[in-house]
Amino acid sequence: QVQLVESGGGLVQAGGSLRLSCSATGRTFHIYTMGWFRQAPGKEREFVAAMSWRSDRTWHADSVKGRFTMSRAENTVYLEMNNLGPQDTAVYFCASSAGGSYYMVRSYNYWGQGTQVTVSS
């Protein structure tokens, strides 16, 4: 099993920044990809960013490109979020995958508890 613990959410004004962290413990050698997803009220969970665990290659959703950056330090991944807008308000989840398409929710088998990000206008 892989355990994931997120932190760093909060309330921020539009145009502000936040950095989310996700610490992975347990059988991390099983991880193929780490991802960040978000879910706004009444909406489906959507892909935000992902990183290959072996190569550190990253992918970002078009909606966050140029504003969000995923990075990693050992077994912790980060999501640096800049120029936040009300459309970014959601619960953010990190997740680990043992394989499959990096942008698909169903590719991920372990999930963190989620952290709320609220952006006020």
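Lysine 65 sits out in the open: its relative accessibility is 52%, so it counts as exposed (exposed is over 50% relative accessible area, buried is under 20%, and partly exposed lies in between, with a 1.4 Å probe and protein chains only). Its salt-bridge partner is aspartate 62, with N and O 3.2 Å apart, and aspartate 62 is exposed too, at 68% relative accessibility. A salt bridge here is a side-chain nitrogen of Lys or Arg within 4 Å of a carboxyl oxygen of Asp or Glu.

Before going further, a word on the model. It is a predicted one, where local features need pLDDT of at least 70 and side-chain atom pairs count only at pLDDT 80 or more, while totals for chains, interfaces and linings use all residues. Residues are numbered from 1 along each chain as its sequence is written, and side-chain values use heavy atoms, leaving out hydrogens and water.

**Salt bridges**

The count comes to 5 salt bridges, and the table lists some of them.

| Pair | N to O distance | Relative accessibility |
|---|---|---|
| Lysine 65 and aspartate 62 | 3.2 Å | 52% and 68% |
| Arginine 72 and aspartate 56 | 3.1 Å | 26% and 39% |
| Glutamate 46 and arginine 38 | 2.6 Å | 35% and 6% |

Arg38, Glu46, Arg67 and Asp88 are joined into one network by salt bridges that share partners. Within it, arginine 38 is buried, whereas glutamate 46 is partly exposed.

Arginine 72 and aspartate 56 are both partly exposed. Their salt bridge links distant parts of the chain: arginine 72 belongs to strand β7 and aspartate 56 to the loop between β5 and β6 (58-60), 16 residues apart. (Strands are DSSP runs of E, at least two residues, numbered from the N terminus.) Arginine 72 also touches serine 52, as do Tyr32, Arg57 and Trp59, not counting residues up to four places away in sequence; contact means heavy atoms within 4.5 Å. Serine 52 is in strand β5 and is buried at 12% relative accessibility.

**The sheet and the disulfide**

Strand β7 turns up again in an open sheet of 4 strands, ordered β1-β3-β8-β7 with antiparallel pairing. Two strands pair if DSSP finds at least two bridges between them. The edge strands, each pairing on one side only, are β1 and β7. From one strand to the next, the twist averages 20 degrees (axes are lines fitted to C-alpha atoms, and angles run from 0 to 180 degrees between N-to-C directions). β1 and β3 pair over 6 bridges, and leucine 4 stands opposite alanine 24 in β3.

There is 1 disulfide in the structure, meaning a pair of cysteine sulfur atoms within 2.5 Å. Cysteine 22 and cysteine 94 form it, with their sulfurs 1.9 Å apart. Cysteine 22 lies in strand β3 and cysteine 94 in strand β9, 72 residues apart. The torsion about their S-S bond is about 55 degrees, so the disulfide is right-handed. Both cysteines are buried.

**The core**

A nonpolar core is a set of buried Ala, Val, Leu, Ile, Met, Phe, Trp, Tyr and Cys residues joined through side-chain atoms within 4.5 Å. The largest one has 33 residues, and Trp36, Leu79, Met81 and Tyr92 touch the most other members. Elements giving two or more residues include β1 (2-7), β3 (18-26) and β9 (90-97), but β5 gives the most, with 5 residues. Leaving aside neighbours within four places in sequence, tyrosine 92 has contacts that include Leu20, Phe37, Arg38, Leu79 and Met81.
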